[in-house]
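Work through the exercises below with the sequence and the 3D view side by side. Try each task before you read its solution.

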Amino acid sequence: HVQLVESGGGSVQAGGSLRLSCVASGGTYNTYRSYCMAWFRQAPGKEREGVAAIDSDGVTRYADSVKGRFTISKDNAKNTLYLQMNSLKPEDIAMYYCAAEGDNFPACSWFPVEYGSWGQGTQVTVS
C-alpha cells in the first residue's frame, strides 16, 4: 500500500478550472511506475465512477463525460498525480479520489476494486 494525499479541490464558477494533485508516499519504484494511477469521483447517492487513468507508459483513458476537458498526468520524480480540469460544469460536482496500484493489463482498470490504494478525497464544487 501507498499513502495518497489529494489537494486542489474547491469551489469554482461554471467554466472555470481546477488542478487536483495527489502525492504518493510509502511505495517502491514499481508502485509508482509499473501500475496505473487514476482519478475517480463520487457524487452524493451515486456510484463511484472512473474519471481518468494513466498507466506506467503514460497512456491515458477518460470517461466520455470529461474528454476534451480534463487531462491526467503524472510526475514520477515527485510521485505526484495531477488532474487538470477545465470548462467545469455543475455535473462535475463530486468528491474526487486519487487511486494507485491499479491493474494495467490489458489497460488501466475502470473498476475501483482493482486499485490497491486510495486517498481521502477532495471536494469539487461548481456553481
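The exercises cover disulfides, one residue in a strand, and a hairpin, all in a predicted model.

**Exercise 1.** Find how many disulfides the whole structure has, and give their pattern along the chain.

*Solution.* Start with the chemistry. A disulfide is a covalent bond between the sulfur atoms of two cysteines. Next, search the whole structure: two disulfides turn up. Finally, count the bonded cysteines along the chain. The pattern is 1-3, 2-4.

**Exercise 2.** Describe the disulfide of Cys22 and Cys98: sulfur distance, handedness, location and burial.

*Solution.* Step one is the distance. The sulfur atoms of Cys22 and Cys98 are 2.0 Å apart. The cut-off is 2.5 Å, so the pair counts as a disulfide. Step two is the torsion. About the S-S bond it is about -75 degrees, so this disulfide is left-handed. Step three is the location. Cys22 sits in strand β3 (residues 18-25), and Cys98 in strand β9 (residues 94-102). The two cysteines are 76 residues apart, and the pair links distant parts of the chain. Step four is burial: both Cys22 and Cys98 are buried.

**Exercise 3.** Do the same for Cys36 and Cys108.

*Solution.* The sulfur atoms of Cys36 and Cys108 are 2.1 Å apart, and they form a disulfide. The value about the S-S bond is -100 degrees, and the link is left-handed. Cys36 belongs to strand β4 (residues 36-42), while Cys108 lies in the loop between β9 and β10 (115-118), so the bond ties together parts 72 residues apart in sequence. Now check burial. Buried means under 20% relative accessible area. Cys36 has 0%, so Cys36 is buried. Cys108 has 5%, so Cys108 is buried as well.

**Exercise 4.** Is Ser7 buried, partly exposed or exposed? Which residues does Ser7 touch?

*Solution.* First, place the residue: Ser7 is in strand β1 (residues 3-7). Its relative accessible area is 39%. Partly exposed lies between 20% and 50%, so Ser7 is partly exposed. Then list the contacts, leaving out residues up to four places away in sequence. Ser7 touches Arg19, Leu20, Ser21 and Thr122.

**Exercise 5.** Sort the residues of strand β7 by face, then describe how β7 pairs with β8.

*Solution.* Recall the rule. In a regular strand the side chains alternate between the two faces of the sheet. In β7 (residues 70-75), Phe70, Ile72 and Lys74 make up the covered face. Thr71, Ser73 and Asp75 make up the uncovered face. Next, the partner: β7 and β8 (residues 80-85) pair in the antiparallel sense over six bridges. Ser73 stands opposite Tyr82 in β8. Last, the turn. β7 and β8 form a hairpin with four residues between them. Asn79, in the turn, has a positive phi of about 50 degrees.

Technical notes. Residues numbered from 1 in each chain as written. Predicted model: local features only at pLDDT ≥ 70, side-chain atom pairs only at ≥ 80, totals over all residues. Heavy atoms only, no water. Buried < 20%, exposed > 50% of the residue type's maximum accessible area, 1.4 Å probe, protein only. Contact = heavy atoms within 4.5 Å. Pairing = 2+ DSSP bridges.
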